[in-house]
Structures are given as structure tokens and as C-alpha cells.
Amino acid sequence: MIADISLIPTIEGDRKTFFHMVGEEELNRLFVDPDSPFYLGKEYRPTDLGAEKDSSPCFGGF
């Protein structure tokens, strides 16, 4: 499963949406917590986003 969790500024350019960002470590905790609405299952393994970005021909979403 692939999901884009990027936050972008509002249409007016206001960056207030960035106050809702969570770090990669916190996201990984949410993905493995069975009580989380973001739970991805027991087999979920975090990926190295830096390596993923470097291997993609398209940088949309990064």
C-alpha cells in the first residue's frame, strides 16, 4: 500500500497546514498500532524514504 501524506500550503499560500505534520517516527508508530486508524497490519515494515525518493523517476509527492 502506498499513501501520500504530504501537507501543502493552502491555496492562498498560508503554511498553517504544516502545524499538523507528524514525523516519520510517529507515523511508523501509528502504522503498527492496532488501535490506530492508520494501522497497516503486522507485516508492515517502514521503508527508507530517502532511498525511495532517489530511485523514482518522478518526484511528485516528495
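Being three residues apart in helix 1, E26 and R29 are separated by about one helical turn. This pair makes a good starting point for a tour of the structure, which is a predicted model. The side chains of E26 and R29 form a salt bridge, with their closest N and O atoms 2.5 Å apart. Of the two partners, E26 counts as partly exposed, at 28% relative accessibility. R29 is partly exposed as well, with a relative accessible area of 45%.

R29 has another partner to introduce. Its side chain also meets that of E25 in a salt bridge, at 3.3 Å from N to O. Here the two residues lie four apart in helix 1, which covers residues 24-32, and about one helical turn again separates them. The spacing in both pairs fits a simple rule of helix geometry. An α-helix has 3.6 residues a turn, so residues three or four places apart point the same way. E25 is exposed, with a relative accessible area of 60%. Taken together, E25, E26 and R29 are linked in a network of salt bridges. The structure holds two salt bridges in total.

Helix 1 also has residues that are hidden from the surroundings. Its buried residues are L27, N28 and F31. Viewed down the axis of helix 1, these buried residues fall within an arc of 100 degrees, so they line one face of the helix. The threshold for calling a residue buried is a relative accessible area under 20%; E26, at 28%, is therefore placed in the partly exposed class.

With helix 1 described, the view can widen to the whole chain. The protein chain has two helices and zero strands. Its length is 62 residues, and buried residues make up 11% of them. The accessible surface of the chain comes to about 5,600 Å². Carbon and sulfur atoms supply 59% of that exposed area.

The contacts within the chain complete the picture. Among contacts with a separation of 6 or more, those between residues 24 or more positions apart account for 11%. For a reader meeting this structure for the first time, helix 1 is a helpful place to look: E25, E26 and R29 form its salt-bridge network, while L27, N28 and F31 are its buried residues.

Notes
Residues are numbered from 1 along each chain as its sequence is written. This is a predicted model: local features need pLDDT of at least 70, side-chain atom pairs count only at pLDDT 80 or more; totals for chains, interfaces and linings use all residues. Side-chain values use heavy atoms; hydrogens and water are left out. A salt bridge is a side-chain nitrogen of Lys or Arg within 4 Å of a carboxyl oxygen of Asp or Glu. Buried means under 20% relative accessible area, exposed over 50%, partly exposed in between (1.4 Å probe, protein chains only). Contact means heavy atoms within 4.5 Å. Accessible areas come from the Shrake-Rupley method with a 1.4 Å probe; for residues, only the protein chains shown count as cover. The arc is that of the directions from the helix axis to the C-beta atoms.
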